[in-house]
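Me: I would like a careful look at one part of this model, with the overall arrangement set out first as background. Please define the terms as you go.

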2 protein chains.
Amino acid sequence: MEVIKTIALLKKRVKKAKLDGKTIGLVPTMGYLHEGHLTLANEARQENDIVIMSIFVNPTQFGPNEDFESYPRDLERDCKLAEPVGVDIIFAPSVEEMYPTDGGIAIRAGRQSEILCGASRPGHFDGVLQVVAKLFHLSEADRAYFGQKDAQQVAIIQTMVRDYNFPLQIRTIPIVREKDGLAKSSRNVYLTEQDRKEAPAIYESLNIAKEEYLLSRNVDKAIELAAKHINEKTNGRIDYLQLLSYPDLKSVTDETTHFLLATAVYIGKTRLIDNMIFLNKGVIQHV
Amino acid sequence: MEVIKTIALLKKRVKKAKLDGKTIGLVPTMGYLHEGHLTLANEARQENDIVIMSIFVNPTQFGPNEDFESYPRDLERDCKLAEPVGVDIIFAPSVEEMYPTDGGIAIRAGRQSEILCGASRPGHFDGVLQVVAKLFHLSEADRAYFGQKDAQQVAIIQTMVRDYNFPLQIRTIPIVREKDGLAKSSRNVYLTEQDRKEAPAIYESLNIAKEEYLLSRNVDKAIELAAKHINEKTNGRIDYLQLLSYPDLKSVTDETTHFLLATAVYIGKTRLIDNMIFLNKGVIQHV
C-alpha cells in the first residue's frame, strides 16, 4: 500500500493504471476509519484492479460553527486498518494541495440539499459535491463507493453523476444493522439503556411505511402510520420522516420507480438517522 | 466519419477507444462550421488518435431574449466540412438526449462571468460550463480545443478544469487575423468601407497596451494609451478594454504571470472583440 500526498503523484499512478487497462475503485472518506469504511473498501477490492481510498477532511463541507478543526484525524491508524483490506493507494492530501486556487466557480447542490439533513446544514452538500467532483476527476475511477446510511449524500452525488455524465458508477453499500434492526452508528454509544430499547422502533417504522405505501400507494397514510409507531414506541422526537423519489428527492408521483424513505429521530439526546431505498416492483416481493 | 446522436452509442465508442489505449481530442461546437472550427479540428487531428466534434446548440447558454430558436443549424453541411479535416465522430445529440433529467444541481461560473462580455449575458457562462462539463465527461477527451477569440470563455473553462481537476488539457488556438491585424470574424461583413478602415486600430491598441504595460508595469497608463488610440483612429465606442490575470480574470498584481488583455469595441453598429494572452516574460522578447 502506498500513501500519496500530492496530486501530481496520484495522477502519475492513475495514468499508469489506465494505460495498463486496469479498473479503479475509489473510496472517499474523511478518515478515522470504522467498520463501515472498511466494508466499502472491501467491496471496492472485489470489483476493481486498483483500490484508491482518499482520506481528506474537507473544509468546504463544514459550516462555520461545525467541527472542522476538532474532527478526529489519525492517518497512521487509518493506514493500519486499510492495508489488510487490500487498499492499494491512500490519497491523503493537505487542504493546500486540494485547494491551491479558487477561481470562484461553484457547484450548487440546489433543491435536493434544502431538505432532510440538508435543511440544518446550508452549504454542506455544495462542499460535498465540490470535493467529490475533484476526487472523481483525480482518481479517474470506474466506480466510487458510498454508504447508504448517508442516503441524501448518495442521492445528490448520484444526481450529479447522472446529470453531468461523469464516467463512473456510484456503488451504494447497504446499511449494516444490529440484530434488532437498529442501524449501526458511532452515535449508538450515546444511547442510554432505555434509549437503546426504544431505538429499533425507527427501523420498524420504516418497514411499516414501506409496506403501507406499496399496498395503498398513499404517501400520507404511510408516513402517518410510521410516525405513530415511533411516537408510541419511543419517547423520541421526529426531525423528519419522508418518502421521496430517488435519486431526485422529489415528491412521489405515479411515475416514481425508485423510492427513498428517510428519517431522523432524536432518541433522548441522540439524533439517529435511517433510511430505505426500494423499487416500485418491491410490491411484488411482498405479495 | 460516423455521426452519433445518442449518448449510449458515444459512450460505447469512447469505451472501445480507451480500452485500445487511444487518445481522444474533443472539438465542442454549436455547428454551422466556419474556418475557425476547422482549424480547431485540424489541430485536434494532429494531436490525437481519435477526433470527436460535438455539434450541439446548447439552450442553457442562451438568455431568454437571445437567438436560440433562430441560431443556424445545418448538420448535413457541417458533416461535409468536417469529414475532409479528419474528424472521426460527429456527436450531434438532441436537446432531450443531452438534458433528459434535471436534479437542480448547477455549476455557477461566478465572479469571472460578471465582467467583460459576461456583464451583458447573465447566466451565459453557467450554461457553457454545464454543457462543456457534460461533453468532457462523455468524450473522456485527453484534450479539448477552443478558439482564443472567445478568451473569456476559454479562461472560465480553463479555471473549471484547473479548480475541479478535470483530467484533460485545454488547447487554445490563436486568433486568425487579416493582413492588417483585424481579427477574423463572421461579423466583419457588417463593417462599412469606412468601418473596415478603422477596425485594425483595435488590434493596434492591444499591442500598444501590452508594450506599455511590459515597459512601465502601469495598468492604468497602458489602458489609457490603448483607449486613446482607438478614440483617435476610429469613430468607435469602447464597450470594455481591460488587462487582467489569466485565467482567473482578477486585477493584475506583482505576482501575475499570465495576462489577458481584452476589448470589445463598437465600430459603427458592429461590436468587435479582440484579445491577447501573454506572459510576464513577454518583456524579454521585446527587449
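What rotation, with what shift along its axis, superposes chain A on chain B? After that, please look closely at α8(A) and at what follows it.

Reply: This is a predicted model, in which local features need pLDDT of at least 70 and side-chain atom pairs count only at pLDDT 80 or more, while totals for chains, interfaces and linings use all residues. Residues are numbered from 1 along each chain as its sequence is written, and chains are lettered from A and ligands numbered from 1 in the order in which they are written.

Chain A is superposed on chain B by a rotation of 180 degrees with 0.0 Å of shift along the axis, at an RMSD of 0.0 Å (a least-squares fit on the C-alpha atoms of residues with pLDDT of at least 70 in both copies). The two copies are therefore related as by a two-fold rotation axis. The residue of chain A that comes closest to this axis is A:Ile107, whose C-alpha lies at 2.2 Å. Because 100% of the interface residues of chain A are also interface residues in chain B, the copies meet through the same surface, where contact requires C-beta atoms, placed from the backbone, to lie within 7 Å.

Turning to α8(A), its 16 residues should span 22 Å at 1.5 Å a residue, and the end C-alpha atoms are indeed 22 Å apart, so the two values agree. The expected span is 1.5 Å times one less than the number of residues; helices are DSSP runs of H or I of at least four residues and strands are runs of E of at least two, numbered from the N terminus. The buried residues of this helix are A:Ala201, A:Ile202, A:Tyr203, A:Ser205, A:Leu206, A:Ala209, A:Lys210, A:Tyr213 and A:Leu214. Here buried means 20 or more other C-beta atoms within 10 Å of the residue's own, exposed means 12 or fewer, and partly exposed is in between, with C-beta atoms placed from the backbone.

After α8(A) comes A:Arg217, with a positive phi near 55 degrees, in the loop between α8 (201–216) and α9 (219–233) of chain A. Most residues other than glycine have a negative phi, and most peptide bonds are trans. With 13 C-beta neighbours inside 10 Å, A:Arg217 counts as partly exposed.

Another non-glycine residue with a positive phi, near 55 degrees, is A:Asn165, which sits in the loop between α6 (151–163) and β7 (169–173) of chain A. A:Asn165 is partly exposed, because 18 other C-beta atoms lie within 10 Å.

How values were computed: Contact = placed C-beta atoms within 7 Å.
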